[in-house]
Amino acid sequence: YKDLVMKLDVAFLALADPTRRAILARLALGETTVMELAKPFAISQPAVSRHLKMLEDAELITRRIDGTRRPCRLNPAGMAEIDRWLALMREAMSANYDRLDAVLAALNPDESERTDP
């Protein structure tokens, strides 16, 4: 459990930056090179590489060597970890809302008998 929390901390820290979120959005379209990723940003290629390093450390992307190129792509496993955590949070929120609905129905029994027009 502790390892999962630490992984999520690193992932959410990586996602906190708008440039990194934009990079992930671009990679959602498919694999591309560092140079292609750097084009839309008014930052240097080394700065983009630092962003990519953080995304890679968070296991949200993977990079491979292809000659002199270093193509990047989304890491489905890293994204799945976040999705699993979000699913747990959705379930917890749904359960909380169900309990709240039950409490409100018990407080206002006449309201629960009404139907919406």
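These are my notebook entries on what I looked up in this structure, which is a predicted model.

**Entry: aromatic pairs**

I began with a search of the whole structure for aromatic pairs, and the search returned 1 pair. The partners are F12 and W85, whose ring centres lie 5.2 Å apart and whose planes stand at 65 degrees; since planes over 60 degrees apart count as edge-to-face, I entered the pair as edge-to-face. I then looked up where the two residues sit, and found F12 in helix α1 (residues 2-15) and W85 in helix α5 (residues 76-107), so the pair ties together parts that are 73 residues apart in sequence. Are these two rings buried or exposed? Neither word fits, because F12 has a relative accessibility of 31% and counts as partly exposed, while W85, at 30%, is likewise partly exposed.

**Entry: α1 against α5**

Having met these two helices through their rings, I looked up how they pack, and noted an angle of about 105 degrees with the axes of α1 and α5 10 Å apart. That angle makes α1 roughly perpendicular to α5. On the α1 side the contact is made by L4, L8, A11, F12 and L15, and on the α5 side by E81, I82 and W85. Sorted by class, the residues of this contact are 7 nonpolar, no polar and 1 charged.

I also looked up L88, which is placed in helix α5. With a relative accessible area of 48%, L88 is partly exposed. From L88 to P46 the C-alpha distance is 37 Å, and the two are 42 residues apart in sequence.

**Entry: α2 against α4**

Next I turned to helix α2 (residues 18-27) and helix α4 (residues 45-57), whose axes come within 10 Å and cross at roughly 75 degrees. The crossing makes α2 roughly perpendicular to α4. Which residues meet here? I listed T19, R20, I23 and L24 from α2, and V48, H51, L52, M54 and L55 from α4. By class, this contact of α2 with α4 holds 6 nonpolar, 2 polar and 1 charged residues.

**Entry: the nonpolar core**

I kept in mind that nonpolar side chains in soluble globular proteins tend to be buried together. The largest nonpolar core here has 18 residues, and those that touch the most other members are I23, L37, V48, L52, L55 and L60. At least two residues of this core come from each of α1, α2, α3 (34-38) and α4. I followed L37 further and, leaving aside its neighbours within four places in sequence, found it in contact with I23, R26, L27, T32, V48, L52 and C72.

**Entry: two loop residues**

As a background note, most residues other than glycine have a negative phi. Against that I set E59, which is not a glycine and yet has a positive phi of about 60 degrees. E59 is found in the loop between α4 and β1 (61-63), and its relative accessibility of 37% means that E59 counts as partly exposed.

The other loop residue I looked up was A28, which lies in the loop between α2 and α3. At 55% relative accessibility A28 counts as exposed, because the cut-off for that word is over 50%. Between the C-alpha atoms of A28 and R64 I noted a separation of 17 Å, the two residues being 36 residues apart along the chain.

How values were computed
Residues are numbered from 1 along each chain as its sequence is written. This is a predicted model: local features need pLDDT of at least 70, side-chain atom pairs count only at pLDDT 80 or more; totals for chains, interfaces and linings use all residues. Side-chain values use heavy atoms; hydrogens and water are left out. Rings of Phe, Tyr and Trp (its six-membered ring) pair if their centres lie within 6.5 Å; planes under 30 degrees apart count as stacked, over 60 as edge-to-face and the rest as tilted. Helices (H or I, at least four residues) and strands (E, at least two) are DSSP runs, numbered from the N terminus. Buried means under 20% relative accessible area, exposed over 50%, partly exposed in between (1.4 Å probe, protein chains only). Axes are lines fitted to C-alpha atoms, for helices over the stretch in contact, and angles run from 0 to 180 degrees between N-to-C directions. Angles under 35 degrees count as roughly parallel, over 145 as roughly antiparallel, 65 to 115 as roughly perpendicular and the rest as oblique. Contact means heavy atoms within 4.5 Å. Ala, Val, Leu, Ile, Met, Phe, Trp, Tyr, Cys and Pro count as nonpolar, Asp, Glu, Lys and Arg as charged, and the others, Gly among them, as polar. A nonpolar core is a set of buried Ala, Val, Leu, Ile, Met, Phe, Trp, Tyr and Cys residues joined through side-chain atoms within 4.5 Å.
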